[in-house]
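Dear colleague,

Please find the structure below, together with its sequence. My account of what was found in it follows directly afterwards.

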Amino acid sequence: MFLIYTPAFLVGVASFWLFPDGDFRFLLLKSAITIHFFKRILEVIFIHKYSGEMSLDTIISILVSYFFVSLSLIYTQTFNQGRSEPSIDLKYLGIVLFLIGISGNFYHHCILSQLRTKGDKEYKIPKGGLFELVICPHYLFEILGFLGISLISQTLYSFSTTLGIAVYLMCRGYVTRKWYMSKFEDFPKEVKAVIPYVF
């Protein structure tokens, strides 16, 4: 997992060197992407406890996807340098959503990591935080984090990227909820996949 997030993080770091100039919005975008993937690396090292191995083709596809997301969000923002600011400036709301997103994602990853002791591979129903309402609150906060990045960037491309990530994570959440319902007879039916009370 460390390998999956490192190239996307390095793209973020390199962007400060490759694109040293730019407006405040561009600086915020580069920072948010770099922080996001640095948090992921730290979680892999210190938080996550994985239940199994991942196939090489899955590793490569996820690595390339994150690398491309990081690279393309930063690169497409270069085309907006020197243009006038949007009439409604959403970057500060974006900062708030991004911080809520990464904090909530981290918090729920910590809860998940406490479900297993060293060497334990058994699945359990998570409790605490928003796990009482949805089975994948970490996906919800991941989506909020990327929505924050989109509001910082305020480009059609960034919103399209966030929409794609949201659809992907909601599908994964749906499959995860279905799996939990089949594995655990006592799984609470009112617990949704990603969005409390809705989906």
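I begin with the helix pair at the start of the chain: α1 and α2 are roughly antiparallel to each other, because the angle between them falls in the range over 145 degrees that counts as such. Their axes cross at roughly 150° and come within 8 Å. In these terms, helix α1 covers residues 2–18 and helix α2 covers residues 24–46. The two helices cross in a left-handed sense. On the α1 side, the contact is made by F2, Y5, T6, A8, F9, G12, V13, S15 and F16. On the α2 side, the contributing residues are L27, K30, S31, T34, F37, F38, R40, I41, V44 and I45. Sorted by class, this contact holds 12 nonpolar, five polar and two charged residues.

Please bear in mind that the model is predicted. Its pLDDT averages 95 over the protein, and 99% of the residues score at least 70. Confidence is highest in helix α5 (residues 137–153), at 98, and lowest in α3, where the mean is 95. Where pLDDT is low, the predicted coordinates should not be read in detail.

A second helix pair joins α3 (residues 56–78) to α6 (residues 156–183). These helices pack at an angle of about 160°, and their axes are 9 Å apart. That angle makes α3 roughly antiparallel to α6. The crossing of α3 with α6 is left-handed. From α3, the residues in contact are F68, V69, S72, L73 and T76, and from α6 they are Y157, S158 and T161. This contact divides into four nonpolar, four polar and no charged residues.

The UniProt record, an unreviewed entry, adds annotation to this picture. It lists "domain: 3-oxo-5-alpha-steroid 4-dehydrogenase C-terminal" at residues 85–199. In the model, that stretch is 59% helix and 0% strand, with its end C-alpha atoms 35 Å apart. The same unreviewed entry places the feature "transmembrane region" at residues 54–75, 90–108, 129–149 and 155–175. Among these spans, residues 90–108 are 95% helix and 0% strand, and the end C-alpha atoms lie 27 Å apart. Residues 155–175 are likewise 95% helix and 0% strand, with 31 Å between the end C-alpha atoms.

Two individual residues deserve a note on backbone geometry. Most residues other than glycine have a negative phi. Q154, although not a glycine, has a positive phi of about 50°. Q154 is placed in the loop between α5 and α6. Leaving aside residues up to four places away in sequence, Q154 touches R25, P86, I88, D89, L90, K91 and F159. From Q154 to W179 the separation is 25 residues in sequence and 36 Å in space, C-alpha to C-alpha. Y197 is the other residue to note: its phi is near 65°, again a positive value in a residue other than glycine. Y197 lies in the segment after α6.

With kind regards

How values were computed
Residues numbered from 1 in each chain as written. Predicted model: local features only at pLDDT ≥ 70, side-chain atom pairs only at ≥ 80, totals over all residues. Heavy atoms only, no water. Axes fitted to C-alpha atoms, helices over the stretch in contact; angles between N-to-C directions. Helix = DSSP H or I, 4+ residues; strand = E, 2+ residues; numbered from the N terminus. Parallel < 35°, antiparallel > 145°, perpendicular 65-115°, else oblique. Left-handed = near helix turned anticlockwise from the far one by under 90°. Contact = heavy atoms within 4.5 Å. Nonpolar A, V, L, I, M, F, W, Y, C, P; charged D, E, K, R; others polar. pLDDT = per-residue confidence, 0-100. UniProt positions renumbered as here; feature names shortened; annotations may be inferred.
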